[in-house]
Amino acid sequence: MVARQFQVRHNDADFVVDYDTDDGFETLKFQLFSLTSVVPDDQKIIAVDENRVLSDDSDLISVAERLRLVSVNDEVNEQPQLQSSSHIAGNDAASVISDEELARILQAEEEALMLQQHFAGGSTEDFEKQIRPYIDKVRMYEDPVYQQAARKTVPVDELEEKALVALAKEGNFEPSKAEQDHAFLLQLLFWFKISFRWVNVPPCDVCGSETIPQGMGSPDDSESQYGASRVELYRCKICSRITRFPRYNDPLKLLETRRGRCGEWANCFTFYCRAFGYESRLILDFGDHVWTECFSQLLGRWMHLDPCEGVYDKPLLYEKGWKKKLNYAIAISKDGVCDVTKRYTRKWHEVLPRRNIITEPALSALLATITQECRRGISSEALSELDKRDQMESEALERDLHSTDDASISLPGRLSGDKEWRKSRLELGSDSLSSSSCPVRKCIDEHVTRIYNAFCPVLSQFVKEENPKIKAIKALEFFKKILMDLKNTPFKMRKASINSASNTVQAIVHQLLPSFAELLNALSLKSKADPDGRVDICLAGDPVKTSLGLPVVLDALDDMIQNLKKIDNFVEDSLSLPLLKLNRIHSGFVRASGEELPVGIATSAFDGTCNFKWEEPNGAKGCWIMYEVADDKMHELVAYELMSANDVPERDPRDWVVEGSNDGRSSWHLLDKQTSQMFEDRFQRRTFKITPVGLQFNVFRFRFLAVRDIKENSRLQLGSIDLYAKGS
């Protein structure tokens, strides 16, 4: 081991970096990434005195202390750039391209349009025949009886709760209607993704065994009644019975069957969106896919949603992730039809030659005619509003067409459907939506600290009792049951009761209820006693705060009961980590080397629950996560806890270091180092105590150097991280 301290200059800033050569050259790169945001692959590290580029560990042992960091992109990107203040449709800032590249693209587009005039081989009638059936389909969405039937199949209260909790986790406890509607739409998408079933090959209707394709059949009257114009036939491998798979188009029938492929998925989900009042349209991709768009009042624009993939607001998913060769993407709604292909490509000059059915002017005229027909009978005021929105959309599509996509976002290949089928369509790619440029995120986790601290009077009271361990375990298990009953009731009217006369355990909880007052308060709950001895526990304030806190307290109770069972002698000295988790640091800002979108984001590591996790798609061989305390408040770190995630033990961290900074991240002090660590179970919480260094810090960083299996796995994941400060 050789300990070094380097003076690193990047642009006009200087940094001090402490480095241990045992950690490897890649670790130094990740340290520099955390300081400068220059990703490791783009770094060129130069020894100033020797004027040479460093490339491996051996260079760092002998080189002098002064280093210079250069971004490769800064060196090669010398072309003048077009300035743009627009945003691409994915709600990411639009990047810019060089004048030379833009000129080349525009020239290619002009040539493609000229060729299209001569080689467009179809007719207006041919194109119209492909669109017309979908117009009839979306008109069915407007039936009030259909819409009411759709709403009855959705757990509205549950999705509303999840939407409000998602906003609360961003610090928004008083959302506007537009924010609530937007959040509910996303929860509707996630719910639909897990409630609808993809059909590769249907199982046998008789015995449930595997089947093999037997071609196509004609629909019978009962199938034709619900718009099935074709029926796939399958023969059972075991009993040889024939199973029919009618491809229904009636959205009401799809509410019943809840299965299909992309056509049925998009049809039914777009119908659900209309049933809940969202302005929605079906997007027909002539390259054999269908998805949804909804107009977001929050964003002020149309938003892409793919129910098959559970992905939203990522319109470049198909071109960039699936490597799809787009030609036409036509939006179809009750208010008309629109060519939205330009939203889904940044390679319009490559798309144009594939648009060879009809010419662009003929297409525009056809869509305008159909739209005019759809809008017949609409009031002049509504018509004016639609025309205004159409114009804004058209301008946005043109404005964003030549912006570049966000290179830090990795879009996945197709995930729905059998792998061999996806492979045959050349739609395979990465298996996740992730970001290698994690933004700074605010941790809304003060409630976690309050809940942890609120267990102190509870456990302190039990210590004073006779047979404290047995009483504590039974009482906490019963209290957990009460909270589970609360969790399973509608979130706006939670209520549970304790009857002291029922049994001994309830009597104990009833007797010790005053010690639970702080915990109930942390959950925005209160207790009310009746003269007959019954105690009701109900809401005391904002129900969203209760929804936010219940998963935290239930996980904490599980952990506490497990730790109590391990203690031989439950006494006052037991009231410390890992049993009692006091002085947890909270309300900081988090940044990481990468994250999984949308649920594996960095703040998931600090939410106090096992429901979510931080996942770093490329973290197996090295990654980091940084926690900066709000208002520059300094703490002496005395311990931390890590919890393994829900699955894939190969992704568990194995080697890591913990560091602290108190000078704006210019220098880092080693606080703890662990190697060859193993998590034996899923959701296992492990406590690591830190040798006091007598220093306080306001930024803490975990550098994870390796995971349990780095050969077969590229990812790192963690269920939670908790930091504990020295008590005052």
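Let's start with the second largest cavity, which has a volume of about 40 Å³. Keep in mind that we're looking at a predicted model. The count here is 2 cavities of 30 Å³ or more. So what lines the second largest cavity? You'll find Tyr452, Phe455, Ala556, Asp559, Met560, Leu579 and Lys581 around it. By type, that lining has 5 nonpolar residues, no polar ones and 2 charged ones. Helix H17, residues 446-463, and helix H21, residues 543-566, each bring at least two residues to this lining. The largest share is from H21, with 3 residues.

If you follow the chain on from H21, there's a loop between H21 and strand S23, at 589-592, and Pro578 lies in that loop. A cis peptide bond joins Leu577 to Pro578, with omega about 5°. A second cis bond is found between Leu597 and Pro598, where omega is about 0°. Pro598 is in the loop that runs between strand S24 (595-596) and strand S25 (614-616).

While we're on backbone geometry, most residues other than glycine have a negative phi, and most peptide bonds are trans. Lys323 is not a glycine, yet its phi is positive, about 60°. You can spot Lys323 in the loop between helix H12 (317-321) and S15. Leu426 also has a positive phi, near 60°, and lies in the loop between helix H16 (419-424) and strand S18 (434-435).

S15 takes us to a sheet. Here 6 strands make an open, antiparallel sheet, in the order S14-S13-S12-S11-S15-S16. Which strands sit at the edges? They are strand S14 (311-312) and strand S16 (336-339), each pairing on one side only. Further in, strand S11, residues 280-285, runs antiparallel to strand S15, residues 329-333, and 4 bridges join them. For one contact to look up on your screen, Leu282 has Ile332 in S15 as its bridge partner.

Two helices that pack on this sheet are worth a look. Helix H11, residues 262-275, touches S11, strand S12 (289-296) and strand S13 (301-306), and its direction makes about 15° with that of S12. Helix H14, residues 360-374, touches S15 and S16, with its direction at about 155° to that of S16.

Last, a word on confidence. The protein averages a pLDDT of 89, and 91% of the residues score at least 70. Residues 75-94 stay under 50, though the model has 45 contacts for them beyond four places in sequence. Where pLDDT is low, the predicted coordinates should not be read in detail. Thanks, everyone!

Technical notes
Residues are numbered from 1 along each chain as its sequence is written. This is a predicted model: local features need pLDDT of at least 70, side-chain atom pairs count only at pLDDT 80 or more; totals for chains, interfaces and linings use all residues. Side-chain values use heavy atoms; hydrogens and water are left out. On a 1 Å grid over the protein atoms alone, a cavity is a set of points where a 1.4 Å probe fits but cannot get out, and a pocket is an open set with protein on both sides within 12 Å along at least five of seven lines; lining residues have an atom within 4 Å of a point. Grid points are joined across faces, edges and corners, and a volume is the space filled by probe spheres set on the points. Helices (H or I, at least four residues) and strands (E, at least two) are DSSP runs, numbered from the N terminus. Ala, Val, Leu, Ile, Met, Phe, Trp, Tyr, Cys and Pro count as nonpolar, Asp, Glu, Lys and Arg as charged, and the others, Gly among them, as polar. Two strands pair if DSSP finds at least two bridges between them. Contact means heavy atoms within 4.5 Å. Axes are lines fitted to C-alpha atoms, for helices over the stretch in contact, and angles run from 0 to 180 degrees between N-to-C directions. pLDDT is the predictor's confidence in each residue, from 0 to 100.
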